[in-house]
Amino acid sequence: EKGGYDHFMLKEIYEQPNAISDTYRGRIRVAEGIIKMAGIDDNLAKLLNAKRIIVIACGTSWHAGLVAEYIFEELVRIPVEVEYASEFRYRNPVIHQDDVVIAISQSGETADTMAAIKLAKERGAFVFGVCNVVGSSISRETHAGAYTHAGPEIGVASTKAFTTQITVLSLIALKLAERKGTISNSDFHYYLQELERIPEKVKDALESNDHIKLIADTYKNARNFLYLGRGYNFPVALEGALKLKEISYIHAEGYPAAEMKHGPIALIDEQMPVVVIATKKGHYEKVVSNIQEIKSRKGKIIGIVTEGDETVKRLADHVIEIPETIEFLTPLLTTIPLQLLSYHIAVMLGKNVDQPRNLAKSVTVE
Ligand code: F6R
């Protein structure tokens, strides 16, 4: 059942190349430049006329929503707000008829997300669901939706659900951007081609597994970790920290790299491993100067870098390479080493990776 892997989590990490292609297969025709998604096509006017998009979700799905915020605002030029479902539902939110709510949930059963959807519907918003589990409560409660097609996710720590959520949300953004004319035709074609190359590049990223294991062994006894990223990779930093916390029980925090100087820099000393996402596209020079700040305080730097990187390699204690892609798709690659790092640390510490203490796969309590 675990397909030869020691844990479901590892199996699911390795399933990502296929899960991502399953998510876009049948929906894109790259040569013709076509994206077909029934839930989008049937509600196109509503989506194109949205004055605002509100994303509601919890946990890892909320992180996918944050990535989507950056993607939608860049490509479609619609303002996006990303809300924790539990906060949204309890604060009398301002919702207009021309707001589109996107609810993201792997299980489709999360109680807070469900309640937030009901509230948004009562107030007249159009609610679009992005779920993995077919026929789940949330997929039935929403007006329309798109499934992620990741296949069953058994490990409590969400992995392939996250990358396939980003894949679906990228498809939606690309479709709307093309229709709205907010990206050029040639960019649209180019982005689709790049999306189709992602599964191969995820495979490449998975090749670093042995190297990541050595890094995990070096830092497995650390009490704290910091994860830093900017732009599209800021939510990936949050997700990397969440993965480590939930399965290894090591305290970890994700931060936008530039916020470090406003507080967390005080934590940095020779005991502190700092995972920095420093890919070539995406404020590279700025991240390099953040790395210098960490180094001068003797923090241990684990850089996630683009293949062939020289600068970060010279500064960091360790680097993990990922292939190059266009900026908005980098989260699909930068996430992979962070998943593997937390997995190996948890295994080395003897933790129950697939069933971490205190956690349930679907959170049906409020
Ligand atoms: C993290 C994790 C949780 C879920 C959260 C939302 O690895 O699994 O944070 O992401 O409980 O669950 P769904 O997406 O099912 O609504």
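How many of the nine residues of H2 are buried? In this predicted model, the answer is seven, so helix H2 counts as mostly covered, given that buried means under 20% relative accessible area. The buried set consists of Gln16, Pro17, Ala19, Ile20, Ser21, Thr23 and Tyr24. These residues pack against several elements, namely helix H1 (8-14), strand S1 (28-29), H9, helix H10 (185-206) and H15. Just beyond, H2 is followed by glycine 26, which has a positive phi near 80°.

One of these partners, H9, can be described in more detail. Two packed helices are described by the angle between their axes and the distance between the axes. For helix H2 (residues 16-24) and helix H9 (residues 160-180), the axes come within 9 Å and cross at roughly 30°. Because angles under 35 degrees count as roughly parallel, H2 is roughly parallel to H9. The crossing in which H2 passes H9 is right-handed. On the H2 side, the contact is formed by Gln16, Ala19, Ile20, Thr23 and Tyr24, and on the H9 side by Lys160, Thr163, Thr164, Thr167, Val168 and Leu171. By character, the residues of this contact comprise five nonpolar, five polar and one charged.

H9 also packs with helix H15 (residues 330-348), here at an angle of about 175° and with the axes 10 Å apart. Since angles over 145 degrees count as roughly antiparallel, H9 is roughly antiparallel to H15. In this contact, Phe162, Thr163, Ile166 and Thr167 of H9 meet Pro331, Leu332 and Thr335 of H15. The residues involved divide into four nonpolar and three polar, with no charged residue.

Threonine 167, a residue of helix H9, takes part in the contact with H2 and also in the contact with H15. The relative accessible area of threonine 167 is 0%, so this residue is buried. Not counting residues up to four places away in sequence, threonine 167 touches Ile20, Thr23, Tyr24, Leu195 and Leu332.

Attention now turns to the nonpolar interior. In soluble globular proteins, nonpolar side chains tend to be buried together. The largest nonpolar core of this model has 93 residues, and those with the most contacts inside it are Phe72, Leu75, Ile102, Phe225 and Tyr227. H9 supplies the largest share of this core, with 10 residues. Leaving aside neighbours within four places in sequence, phenylalanine 72 is in contact with Ile53, Arg77, Ile78, Val80, Ile102, Leu169, Ile172, Ala173 and Leu176. Another core, of 21 residues, lies apart from the largest one and includes Ile265, Ile268, Val276 and Val312.

A last residue to consider is tyrosine 191, which lies in helix H10. With a relative accessible area of 15%, tyrosine 191 is buried, because the limit for that term is under 20%. Leaving aside neighbours within four places in sequence, the contacts of tyrosine 191 are Leu75, Leu174, Ile183, Ile326, Phe328 and Leu329. Among these, Leu75 is also one of the residues with the most contacts inside the largest nonpolar core. For a sense of distance across the model, the C-alpha atoms of tyrosine 191 and asparagine 358 are separated by 41 Å, with the two residues 167 residues apart along the chain.

Conventions. Residues numbered from 1 in each chain as written. Predicted model: local features only at pLDDT ≥ 70, side-chain atom pairs only at ≥ 80, totals over all residues. Heavy atoms only, no water. Axes fitted to C-alpha atoms, helices over the stretch in contact; angles between N-to-C directions. Helix = DSSP H or I, 4+ residues; strand = E, 2+ residues; numbered from the N terminus. Parallel < 35°, antiparallel > 145°, perpendicular 65-115°, else oblique. Left-handed = near helix turned anticlockwise from the far one by under 90°. Contact = heavy atoms within 4.5 Å. Nonpolar A, V, L, I, M, F, W, Y, C, P; charged D, E, K, R; others polar. Core = buried A, V, L, I, M, F, W, Y, C linked by side-chain atoms within 4.5 Å. Buried < 20%, exposed > 50% of the residue type's maximum accessible area, 1.4 Å probe, protein only.
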